[in-house]
Each structure stands twice: as C-alpha cells, then as structure tokens.
Amino acid sequence: MIPHSASTLAGLERDAAAGTVARNFLGPGPEAVRLEVELGERYGRRRAFAVSTGFHALLLAVRALDLAPGARVALPTLTCPSVLAAVESAGHRAILADVDEASLAIDPERIGPVDAVVAPHAYGAPADARAIAAGGRPWIEDCATSPSAGGAARTGTLAVLSFAGTKYVTAGAGGAVLTDDETFAARIEWLLAMPPGGADLWRGPPPPHLPGRLADLNAAVARVQLARLDEFHRRRRELAAVYGEALRGGPWRTPELRPEHGFYRYVLLTEAPAGPLAE
C-alpha cells in the first residue's frame with residue numbers, strides 16, 4: 001500500500017522543533033517572522049503573513065479583497081471544500097466554473113461574469129495564471145497543494161499556502177498569505193492584529209477580526225521544510241516518472257512529466273469505472 005500524503009521529516013525538523021521548546025516559547029514570535037521573510041524571498045513577494053491554518057489564510061485573502069456583500073466569486077468544480085467555505089464565510093456567492101482537462105485547474109475560458117476568482121493549482125499542476133490574470137479581475141492563487149508548481153504564488157493578486165499535515169511543505173498546521181499590494185497587506189494586518197480604527201481601509205463597515213498568527217513551534221518546522229522544497233519537487237518528479245513507466249498502456253491517461261508539475265498527486269484520467277481499476 002502506498003502511504004497517503006506521508007510527510008518527509010528528518011533530523012533537521014526535529015532539531016528545529018526542539019530548539020523552539022528549549023527557548024521556552026512556542027507562540028508567534030521570531031521563527032514566524034523569519035518564515036514570513038523567507039516566504040517573501042522564495043516567491044518574490046513584498047509581504048507574507050504566516051497564520052494558523054491554510055483555511056485561515058484563504059479567508060484572510062478573500063476578506064482582504066473587500067468585495068461587496070454577495071459578490072460573485074468563481075472557483076473550480078474540482079477543489080477542496082475549504083475553498084467554497086472561505087468564499088461563503090466571507091458573505092459571497094460561489095460561482096462554479098469547469099476545469100481544464102489537462103491540468104484539472106479552473107478553465108479560464110469557463111469563467112463567466114464574476115467579481116473575483118479563486119484558482120487553485122491542482123494536485124501539483126499549475127493553473128493558467130496568465131490567462132486568469134488577463135481577465136482583469138482580482139484573483140487568489142491557491143497554492144495549498146502546489147507550492148512548487150511553475151510560477152506558483154507569483155502572479156495572483158494574493159496567494160495562499162498551506163502547511164497542514166498532509167501538504168507538500170508541512171508544519172503540522174499553518175498557512176500563509178502573500179501579496180505585493182500594500183492595501184491588501186494593510187487589511188490583512190488589521191484583520192490579524194485587532195487594532196483600533198481601520199475604517200479607512202474598507203469600503204463599508206470593517207469586517208470581523210481574524211486573529212491567528214502562526215506559532216513559532218510550527219514556523220520552525222515550516223522553515224526547514226521550505227528550504228527542502230526543491231528536494232521534494234525533484235523526488236516527486238522521480239516517482240512520477242516511475243509511475244508513468246509502470247502504468248504505460250493502461251485504460252487511462254497519465255499526466256505529462258512537465259518541468260512545472262510538482263506532482264502533489266499522480267492523477268489518472270479514465271472513462272472506465274474507477275472501482276474495478278483500483279482493485
């Protein structure tokens with residue numbers, strides 16, 4: 001049996017966690033700040049915010065757009081329920097758009113008249129960021145399963161990452177929001193910090209606060225994992241090549257071994273019933 005989303009942890013992660021415990025401080029602190037700096041450097045973004053979960057990161061990003069209540073937000077028909085939950089929790093209407101068969105990410109040509117887009121990179125394969133951006137709408141680049149996909153987290157109005165226990169880069173829990181826009185960054189700071197005032201940041205009444213910076217215990221592990229991201233990418237591609245050779249000629253279509261594909265999952269496309277094939 002192939003383990004489902006097994007983490008790749010070693011001595012460096014253990015030492016990072018132990019060092020945080022030895023400092024007798026586990027809450028948000030210097031490790032989380034360093035992680036934010038390193039995320040900005042890795043993805044070429046001016047601002048990064050490390051937070052408690054990937055869902056928290058996504059909800060912060062949706063709120064930061066400051067859309068009108070009931071705004072129409074496109075998301076793909078094939079995605080995590082958390083994406084739908086974040087849109088609806090912010091008081092907006094989710095508009096489903098079909099996916100591109102090759103990437104399984106949202107098909108830019110299927111996005112109708114909406115106010116914003118949430119576009120996850122699917123299972124390691126990058127969405128067509130250029131075509132999505134060309135639509136002229138603000139959009140959130142969801143890199144929860146694809147932090148190593150080609151160009152990931154560099155194009156969206158905002159980008160989100162997840163460090164949950166099953167993710168590519170894991171810290172047990174956590175997530176991050178990245179952006180180059182200082183207005184969006186100021187809104188996220190306000191949502192996290194609960195300062196007085198802030199009405200000038202929003203078109204209407206300020207939304208509820210969303211405190212929850214990432215704890216140093218998680219951030220210390222995430223920093224080690226982030227530094228190993230290229231290693232993870234190479235190893236997953238090596239395994240994908242093995243799968244491709246072993247599965248050649250079956251009643252399915254295997255994914256292309258493109259350089260930008262991070263292979264969070266190895267997805268087979270078939271019109272045959274899945275149950276008998278799995279057996």
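**Figure 1. Thr 170 and its surroundings in the loop between E6 and strand E7 (175-179).** In this predicted model, and leaving aside neighbours within four places in sequence, Thr 170 is in contact with Ser 7, Leu 9, Phe 163, Ala 164, Gly 165, Val 221, Ala 222 and Gln 225. Is Thr 170 buried or exposed? With a relative accessible area of 4%, Thr 170 counts as buried. The side chain of Thr 170 also reaches the backbone nitrogen of Gly 172, at 3.1 Å.

**Figure 2. Arg 137, in the loop between helix H5 (129-134) and strand E5 (139-142).** Which residues does Arg 137 touch, once those up to four places away in sequence are not counted? They are Ile 111, Gly 112, Val 114, Asp 115, Ala 116, Val 117, Ile 132 and Thr 157. For a polar partner, look to Gly 112: the side chain of Arg 137 reaches the backbone oxygen of Gly 112 at 3.5 Å. Pro 113 is 24 residues from Arg 137 along the chain, and the C-alpha atoms of the two are separated by 9.7 Å.

**Figure 3. The largest nonpolar core, with 32 residues.** If you would like a place to start in this view, Leu 60, Ile 140, Leu 158, Val 177 and Ile 188 are the residues with the most contacts inside this core. At least two core residues come from each of strand E1 (47-51), helix H3 (54-64), strand E2 (72-76), helix H4 (81-89), strand E4 (116-120), strand E6 (158-162) and helix H6 (182-193). Which of these elements gives the most to the core? That is H3, with 7 residues. In soluble globular proteins, nonpolar side chains tend to be buried together.

**Figure 4. Ile 188 and its contacts, with a second core for orientation.** Setting aside neighbours within four places in sequence, Ile 188 is in contact with Phe 49, Leu 60, Ala 64, Leu 158 and Val 177. A separate core of 27 residues can be picked out as well, and Tyr 43, Phe 163, Val 169 and Leu 226 are among its members. Phe 163 may be familiar from the first view, as one of the contacts of Thr 170.

**Figure 5. Cys 80 and Cys 143, in a structure that holds 0 disulfides.** Cys 80 is in no disulfide, and the nearest cysteine sulfur to its own, that of Cys 143, is 14 Å away. Why is there no bond for Cys 143? Its sulfur is 14 Å from the closest cysteine sulfur, in Cys 80, and therefore too far for a bond. As for their settings, Cys 80 is partly exposed at 41% relative accessibility, whereas Cys 143 is buried, with a relative accessible area of 1%.

**Figure 6. The whole chain, for placing the close-ups.** The secondary structure comes to 9 helices and 7 strands. Along its principal axes, the C-alpha trace spans about 65 × 50 × 30 Å. The radius of gyration is 19 Å, which agrees with the value near 19 Å that a compact globule of 279 residues would have. Buried residues make up 46% of the 279 residues. Among contacts with a separation of 6 or more, 57% are between residues 24 or more positions apart. The accessible surface comes to about 13300 Å², and 56% of it belongs to carbon and sulfur atoms.

Terms used:
Residues numbered from 1 in each chain as written. Predicted model: local features only at pLDDT ≥ 70, side-chain atom pairs only at ≥ 80, totals over all residues. Heavy atoms only, no water. Core = buried A, V, L, I, M, F, W, Y, C linked by side-chain atoms within 4.5 Å. Buried < 20%, exposed > 50% of the residue type's maximum accessible area, 1.4 Å probe, protein only. Helix = DSSP H or I, 4+ residues; strand = E, 2+ residues; numbered from the N terminus. Contact = heavy atoms within 4.5 Å. Disulfide = S-S within 2.5 Å. Rg over C-alpha atoms; globule rule 2.2 N^0.38 Å. Areas by Shrake-Rupley, 256 points an atom, 1.4 Å probe, with all protein chains shown as cover. Polar contact = N/O pair within 3.5 Å; in protein donor to acceptor, adjacent residues only side chain to side chain.
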